Amino acid sequence: MVLGVLDALSDAYAEIFTAPPWSHRSPDAVRHDFRERLERDARRPGFRAVVALDESGAVAGFATGWITQDPFPTDRAYGKVLRRLGAERVGELLTGSFEVDELGVRSHARGTGLGGRLLSGITAGAPGGRSWLLTWDRAHDALAFYRRQGWEEPEAVRGGETDIVVFLSPP
């Protein structure tokens, strides 16, 4: 189970998500928050995790996610998703599908295709082949990566723009 490698995952997460464009964040706080969140998230319905190790046995990358439940959550960044897409489209596009919560690849493993393999691995077997994720609109490398993978952005409702971008898996 993923909780057996929680320390290694937390260290990898902190390294990945305190580098630009997230360099304004404290590594210790990021590590602590991720650890607590992952312990809770691992109990969500449909939770899955994929972890890739490098040749030394260290975490090179990982992905986590679960099935998005109905009613659609309102904590974390979910409110921004609702504002961006509207409740009707959230219900139609996201509820009941697989939600990719985290995808991270350490810098030494980037450019190897690992991110694509993790994304494919975590979404394999998604209900009806439907998956979704969100990322920060200032994470330009992540935005470009998801677009290269064929993920598409549903249009935001008028006035629903936020600092997050929602992506849907390829049809």
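Trainee: What phi does Gly125 take, just after H5?

Mentor: This is a predicted model, in which local features need pLDDT of at least 70 and side-chain atom pairs count only at pLDDT 80 or more, whereas totals for chains, interfaces and linings use all residues. Residues are numbered from 1 along each chain as its sequence is written, and side-chain values use heavy atoms, with hydrogens and water left out. Helices (H or I, at least four residues) and strands (E, at least two) are DSSP runs numbered from the N terminus, and helix H5 holds residues 114-123. Just after H5, Gly125 takes a positive phi of about 80°.

Trainee: Which residue has a positive phi although it is not a glycine?

Mentor: Most residues other than glycine have a negative phi. The residue to look for is in the loop between S2 and H3, and its relative accessible area of 38% makes it partly exposed, a class that stands between buried (under 20% relative accessible area) and exposed (over 50%), with a 1.4 Å probe and protein chains only. With a positive phi of about 50°, this residue is Arg76.

Trainee: Where does Pro71, which follows a cis peptide bond from Asp70, lie?

Mentor: Most peptide bonds are trans. The bond from Asp70 to Pro71 is cis, with omega near 10°. Pro71 itself lies in the loop between strand S2 (59-67) and helix H3 (78-85).

Trainee: How many of the ten residues of helix H5 are buried?

Mentor: Among the buried residues of H5 are Leu114, Leu118 and Ile122. The buried residues of this helix pack against S1, S2, S3, S4 and H6, where contact means heavy atoms within 4.5 Å. Helix H5 is mostly covered, and the number of its ten residues that are buried is seven.

Trainee: In what order do the five strands of the open sheet stand?

Mentor: The pairing in this sheet is mixed, and two strands pair if DSSP finds at least two bridges between them. Strand S1 (48-53) and strand S5 (164-168) stand at the edges with a single partner strand each, so one side of each is left without a neighbour in the sheet. Put together, the order is S1-S2-S3-S4-S5.

Trainee: Which residue in S5 is the bridge partner of Leu133?

Mentor: Strand S4 (residues 131-136) and S5 run antiparallel and are joined by five bridges, whereas S3 and S4 run parallel and are joined by three bridges. In S5, the bridge partner of Leu133 is Phe167.

Trainee: How many of the eight residues of S3 are buried?

Mentor: On one side, S3 pairs with S2 in the antiparallel sense over seven bridges, and Glu99 in S3 stands opposite Trp66. Strand S3 is largely enclosed by the rest of the structure, because its buried residues number eight of the eight.

Trainee: At what angle to S4 does helix H6 run?

Mentor: Helix H6 (residues 140-148) lies across S3, S4 and S5. Axes are lines fitted to C-alpha atoms, for helices over the stretch in contact, and angles run from 0 to 180 degrees between N-to-C directions. On that scale, H6 runs to S4 at about 155°.
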